[in-house]
Amino acid sequence: MTPHRRRRASVVAVIAAVAMLATACQIDVAATTLHVVQAQEDGFLQNGDEPYVAVIQWRVIPGEAGSTQVSFLGNLAELGSGMDDGDSATIPASMGAASFGGVQVSSIQQVAQGILPELVGTVMVVMESDLTSWGSINGLMNDVEAALDDELQAQIEPLTILDLTNPAIVADALSTAAANVEAAVTPGIFDQILLWLGSLGNPDDLIGVGFTVWIAAGGTLGQFIEASLPAALPANAAGGVWHDDLDPKTATLRISGDGAVYDIDIVATNAPPS
């Protein structure tokens with residue numbers, strides 16, 4: 001082989017090797033606005049709702065044991081006072097905005113090398129404030145954070161690339177995790193009694209739980225998953241795939257329960273792969 005051809009072959013080999021490396025991107029997911037569709041406290045002796053949203057951000061790489069990371073954002077506060085049907089309130093970034101740096105993005109070629117796309121998202125616990133102390137609520141959400149960590153390790157870490165290309169399997173795993181997390185945010189009978197006593201007989205109300213999920217898959221792999229994943233997700237979930245489209249993605253989740261109906265606006269953005 002001539003020196004020129006050897007140099008050319010070396011360049012091609014380097015380009016091929018670089019192509020197999022996982023790229024990374026920044027993904028930001030924010031719950032931005034809460035709309036009261038139907039207020040819970042709209043009776044003669046009640047004066048509207050005081051909602052708030054507890055957000056837990058998460059990330060996990062399927063097939064990689066120990067990759068799960070979970071964090072409760074905190075910074076809880078009532079979004080408004082006496083909110084009635086048709087009222088809206090901005091969710092502060094400190095309460096509702098999750099940020100994920102260095103998210104692992106994989107294409108079909110990279111998956112062949114054992115590099116699977118990372119999943120990121122949020123769990124949103126929507127509450128109506130009454131007399132429960134913020135300390136008690138923060139303690140409950142820390143328990144939910146721990147439950148979510150366990151669920152992601154059990155449901156998502158074991159997934160394979162074949163599972164990822166079957167959106168029904170992914171959606172079912174996420175739905176199972178979310179249902180178990182929702183069970184964790186619902187105290188048992190004894191805990192309910194203590195919470196009731198500690199809240200002067202008027203504890204905060206759980207309205208419901210919603211979640212978002214984004215799969216960082218590039219190229220044709222991302223397009224393939226994107227074609228069916230959103231439709232496979234349950235009604236209390238929003239999400240999709242990050243592939244070559246860097247435009248902001250928006251969604252609205254309807255969360256209802258205990259006599260209230262709220263809509264939560266979601267905005268997800270990312271930066272170009274690095």
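A residue counts as buried when its relative accessible area is under 20%, as exposed when that area is over 50%, and as partly exposed in between. The structure discussed here is a predicted model, and valine 123, with 5% relative accessibility, falls in the buried class because its value is under 20%.

**Valine 123 and its surroundings**

Valine 123 belongs to strand β6, which covers residues 119–128. Leaving aside neighbours within four places in sequence, the residues in contact with valine 123 include Ala54, Val55, Ile56 and Trp58, and the list continues with Leu148, Val181, Val209, Gly210 and Phe211. For phenylalanine 211, which is 88 residues away from valine 123 along the chain, the separation of the two C-alpha atoms is 4.4 Å.

**The sheet around β6**

Strand β6 is part of an open sheet of 5 strands, arranged in the order β3-β2-β6-β7-β8 and with mixed pairing. The edges are formed by β3 (69–72) and β8 (237–241), and since each of these has a single partner strand, one side of each is left without a neighbour in the sheet. From one strand to the next, the twist averages 15°.

At one edge, β2 and β3 run antiparallel and are joined by 4 bridges, with arginine 59 having glutamine 69 in β3 as its bridge partner. The side chains of β3 alternate along the strand: Val70 and Phe72 point to one face and are buried, whereas Gln69 and Ser71 point to the other face and are not buried. At the other edge, β7 (residues 205–215) pairs with β8 in the parallel sense over 5 bridges, and valine 213 stands opposite glycine 239 in β8.

**An aromatic pair and a polar contact**

How many aromatic pairs does a search of the whole structure find? The search finds 1. The pair consists of tyrosine 52 and tryptophan 134, whose ring centres are 4.9 Å apart and whose planes stand at 75°, so the arrangement is edge-to-face. Because tyrosine 52 lies in strand β2 and tryptophan 134 in helix α4 (residues 134–155), the pair ties together parts that are 82 residues apart in sequence. The two partners differ in burial class, since tyrosine 52, at 0% relative accessibility, counts as buried, while tryptophan 134, at 31%, counts as partly exposed.

Glutamine 40 is located in the loop between β1 (23–38) and β2 (51–60). Its relative accessible area of 16% places glutamine 40 among the buried residues, and its side chain is joined to that of aspartate 205 by a polar contact of 3.2 Å.

The accessibility values discussed for individual residues, together with that of aspartate 258, are set out below.

| Residue | Relative accessible area | Class |
|---|---|---|
| Valine 123 | 5% | buried |
| Glutamine 40 | 16% | buried |
| Tyrosine 52 | 0% | buried |
| Tryptophan 134 | 31% | partly exposed |
| Aspartate 258 | 47% | partly exposed |

**Positive phi values in loops**

Most residues other than glycine have a negative phi. Asparagine 75, in the loop between β3 and β4 (88–90), has a phi near 55°, a positive value in a residue other than glycine. Aspartate 258 lies in the loop between β9 (249–257) and β10 (260–270), and phi of aspartate 258 is likewise positive, near 55°. With a relative accessible area of 47%, aspartate 258 is partly exposed.

Key
Residues numbered from 1 in each chain as written. Predicted model: local features only at pLDDT ≥ 70, side-chain atom pairs only at ≥ 80, totals over all residues. Heavy atoms only, no water. Pairing = 2+ DSSP bridges. Helix = DSSP H or I, 4+ residues; strand = E, 2+ residues; numbered from the N terminus. Axes fitted to C-alpha atoms, helices over the stretch in contact; angles between N-to-C directions. Buried < 20%, exposed > 50% of the residue type's maximum accessible area, 1.4 Å probe, protein only. Contact = heavy atoms within 4.5 Å. Polar contact = N/O pair within 3.5 Å; in protein donor to acceptor, adjacent residues only side chain to side chain. Phe/Tyr/Trp six-rings, centres within 6.5 Å; stacked < 30°, edge-to-face > 60°.
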